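The following exercises are to be worked with the sequence and the coordinates at hand. Each task is followed by a solution in steps.

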Protein chains: 2
Amino acid sequence: MIVNVNKKILIVGLGLLGGSYAKVLKRFGFHISAITRSQSSIDFALREGLIDEGSVEVDPRLVGEADLVIFALYPHIFVEWIETNQHLFKSGALITDVTGVKGSIVYKIQEMLRPDVEFIAAHPMAGREVSGVENSTDKIFNGANYIVTPTEKNTPDAIETCMELGRLLGFSNVTTLSPEEHDEMIGFLSQLTHCIAITLMTCNDKEHMEKFTGDSFRDLTRIARINDLMWSELFVANKAALLEQMNLFLNKFNELKTMLETEDIDGMRAMMRHSTERRALFDKP
Amino acid sequence: MIVNVNKKILIVGLGLLGGSYAKVLKRFGFHISAITRSQSSIDFALREGLIDEGSVEVDPRLVGEADLVIFALYPHIFVEWIETNQHLFKSGALITDVTGVKGSIVYKIQEMLRPDVEFIAAHPMAGREVSGVENSTDKIFNGANYIVTPTEKNTPDAIETCMELGRLLGFSNVTTLSPEEHDEMIGFLSQLTHCIAITLMTCNDKEHMEKFTGDSFRDLTRIARINDLMWSELFVANKAALLEQMNLFLNKFNELKTMLETEDIDGMRAMMRHSTERRALFDKP
């Protein structure tokens with residue numbers, strides 16, 4: 001479906017990601033509309049040619065005309081939006097999203113959705129430290145992962161269309177995981193790292209530390225500048241998987257602490273060699 | 001003293017840091033000699049013009065002629081070296097170092113040292129992920145901190161000379177801290193961050209995570225590639241201060257975990273806002 005540029009795409013939620021989607025897809029010639037809460041976002045996107053039309057209301061025409069609807073909303077707003085407005089979808093429309101957690105969202109949406117509309121979930125693992133449609137850029141997709149998380153309710157066509165969307169957007173890796181595999185992976189690689197960064201940043205308020213800060217501390221706390229509204233919601237939406245990762249981390253950290261207390265040099269060195277070896281796997285390709 | 005380029009400088013331990021010191025100081029015209037265990041390091045340094053002469057033995061002439069001796073050795077080797085060879089120092093010589101921990105080293109050395117020789121400790125907070133004299137470069141001092149840690153045994157002259165050395169080397173910030181302040185600071189900013197990185201890198205061995213790794217995880221684990229011999233020794237040499245920092249981190253991490261378990265969104269948001277605000281202090285100037 002996606003390869004046909006005569007299809008109409010609606011983006012709901014025009015922030016950094018929604019805007020960046022619009023920017024790339026418009027260039028391919030798709031008709032792009034947007035629904036978002038802020039008039040200034042719509043104005044910006046129209047002025048910059050990111051979209052063809054937009055509305056701050058849930059315009060029944062825009063929703064009813066869309067062949068593909070991409071949701072870039074906070075998880076709970078996404079669920080509420082579907083509950084309230086799904087009667088407006090065109091029959092046969094395909095719905096996808098950018099939500100960073102899957103298990104707590106995907107089944108709920110698929111459960112409540114009209115049978116003539118299909119929801120195929122995706123997580124574009126791209127972002128910047130800045131937000132808002134004004135910061136939209138297609139650069140964030142380069143080198144990034146795009147993960148489709150199908151369930152048994154999804155059709156092969158929808159899965160392929162959603163993967164094709166990821167490839168069109170310019171993601172370097174387009175792949176599939178189950179919602180559960182996705183949530184474990186994201187709990188470890190993304191959410192646990194943010195938990196660590198904000199803990200490190202707030203655990204010692206001694207003054208003037210910044211005068212001596214080197215690259216190590218800066219690297220570990222880059223993501224300590226965090227959108228509190230979004231991340232607290234994402235943490236709770238992935239609570240079980242994240243708690244499991246936090247416990248794995250805590251257990252290992254306590255092991256290290258015990259080795260230091262007992263001056264178990266051999267144990268620490270073994271852990272450091274394991275760390276050094278495993279880190280090599282994670283170098284940029 | 002240091003401004004007089006007729007003075008002779010001896011560097012003991014010609015690795016990345018020792019070699020980088022030599023590279024800069026040679027350019028100012030000082031006579032630089034080196035004692036290090038590896039003949040190939042001496043050969044390299046002579047060939048590249050980093051030093052004027054060098055030896056793999058503790059050559060009494062080189063030690064006896066030096067006005068300033070810079071030790072770039074592992075902590076326990078540094079202490080043993082002084083014990084064994086301090087009779088060789090020229091009377092009036094000034095000794096300094098690059099050791100990354102201070103409390104457990106400085107007092108011990110000053111205690112045992114001949115009264116006609118002064119040890120003024122310093123920590124150049126510079127490094128790279130690679131080691132060895134072959135990787136020497138003056139670039140690592142730019143933007144970095146150089147901390148002198150005097151005790152009441154030190155003379156104002158020696159403190160000033162040591163700070164002057166830091167400025168000559170090109171460090172951006174040259175300052176003083178007590179050994180105890182230094183160890184607390186380094187325990188938090190450097191050692192705790194390495195503990196976190198190696199823990200994160202080894203706490204979950206699930207396969208194929210690297211396929212989905214983004215910048216956050218890479219940033220937090222850059223320093224998980226670690227010299228196990230050196231860091232395990234540095235951890236133990238700063239045991240009390242590091243354990244205190246590990247406990248501060250653990251307490252805060254457990255607070256966050258409890259907030260997640262109880263879905264205390266307000267509490268998590270407050271912590272994230274604190275983190276975001278505090279991180280701004282640590283931006284590169």
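**Exercise 1. Determine how many residues of each chain form the contact between chain B and chain A, and describe the side that chain B contributes.**

Solution. The model is a predicted one. Step one is the count: 71 residues of chain B are in contact with 70 residues of chain A. Step two assigns the chain B side to secondary structure: helix H7 (179-202), helix H8 (215-221), helix H9 (228-237), H10 and H11 of chain B each supply at least two of its residues. Step three sorts this side by class, which gives 38 nonpolar, 17 polar and 16 charged residues.

**Exercise 2. Establish what relation connects chain B to chain A.**

Solution. First, superpose the copies: a turn of 180° with a shift of 0.0 Å along the axis lays chain B on chain A with an RMSD of 0.0 Å. This is therefore the relation of a two-fold axis. Next, compare the contact residues: 99% of those of chain B recur in chain A, and the same surface thus serves both copies.

**Exercise 3. Decide whether A:Ile265 is buried, partly exposed or exposed, and find which residues it touches.**

Solution. Begin with the location: A:Ile265 belongs to helix H11 (residues 265-281) of chain A. A buried residue needs 20 or more other C-beta atoms within 10 Å, and an exposed one has 12 or fewer. A:Ile265 is partly exposed because it has 16 C-beta neighbours inside 10 Å. Residues up to four places away in sequence being set aside, A:Ile265 touches B:Ser232 and B:Val236.

**Exercise 4. Identify the buried residues of helix H9 (residues 228-237) of chain A and the helices they pack against.**

Solution. The first step lists the buried positions: A:Trp231, A:Ser232, A:Glu233, A:Leu234, A:Phe235 and A:Ala237. The second step looks for partners within chain A, which are helix H4 (75-85), helix H5 (103-112), helix H7 (179-202) and helix H10 (239-261). The third step turns to chain B, where helix H10 (239-261) and helix H11 (265-281) also pack against these buried residues.

**Exercise 5. Examine H10(B): what is its span, which of its residues are buried, and what covers them?**

Solution. For the span, H10(B) has 23 residues and reaches 32 Å from its first C-alpha to its last, close to the 33 Å expected at 1.5 Å a residue. For burial, the residues are B:Ala241, B:Leu242, B:Gln245, B:Met246, B:Leu248, B:Phe249, B:Phe253, B:Leu256, B:Met259 and B:Leu260. Their cover includes H7, H9 and H10 of chain A, together with H7, H9 and H11 of chain B. Just after H10(B), B:Glu263 takes a positive phi of about 50°.

**Exercise 6. Describe the domains of chain A and the contact between them.**

Solution. Start from the assignment, which gives domain 1 (8-177) and domain 2 (181-281) of chain A. Their C-alpha centres lie 31 Å apart. The contact takes 14 residues from domain 1 of chain A and 12 residues from domain 2 of chain A. On the side of domain 1 that touches domain 2, H4 and H5 of chain A each supply at least two residues. By class, that side of domain 1 of chain A has 5 nonpolar, 7 polar and 2 charged residues.

**Exercise 7. Find which residues touch the most other members of the largest nonpolar core.**

Solution. This core has 180 residues, and A:Ile11 and B:Ile11 touch the most other members. Neighbours within four places in sequence left aside, the contacts of B:Ile11 include B:Tyr21, B:Ile32 and B:Ile70.

How values were computed:
Residues numbered from 1 in each chain as written. Chains lettered and ligands numbered in written order. Predicted model: local features only at pLDDT ≥ 70, side-chain atom pairs only at ≥ 80, totals over all residues. Helix = DSSP H or I, 4+ residues; strand = E, 2+ residues; numbered from the N terminus. Contact = placed C-beta atoms within 7 Å. Least-squares fit on C-alpha atoms with pLDDT ≥ 70 in both. Domains from an automatic or database assignment. Nonpolar A, V, L, I, M, F, W, Y, C, P; charged D, E, K, R; others polar. Core = buried A, V, L, I, M, F, W, Y, C linked by C-beta atoms within 7 Å. Expected span 1.5 Å × (residues − 1).
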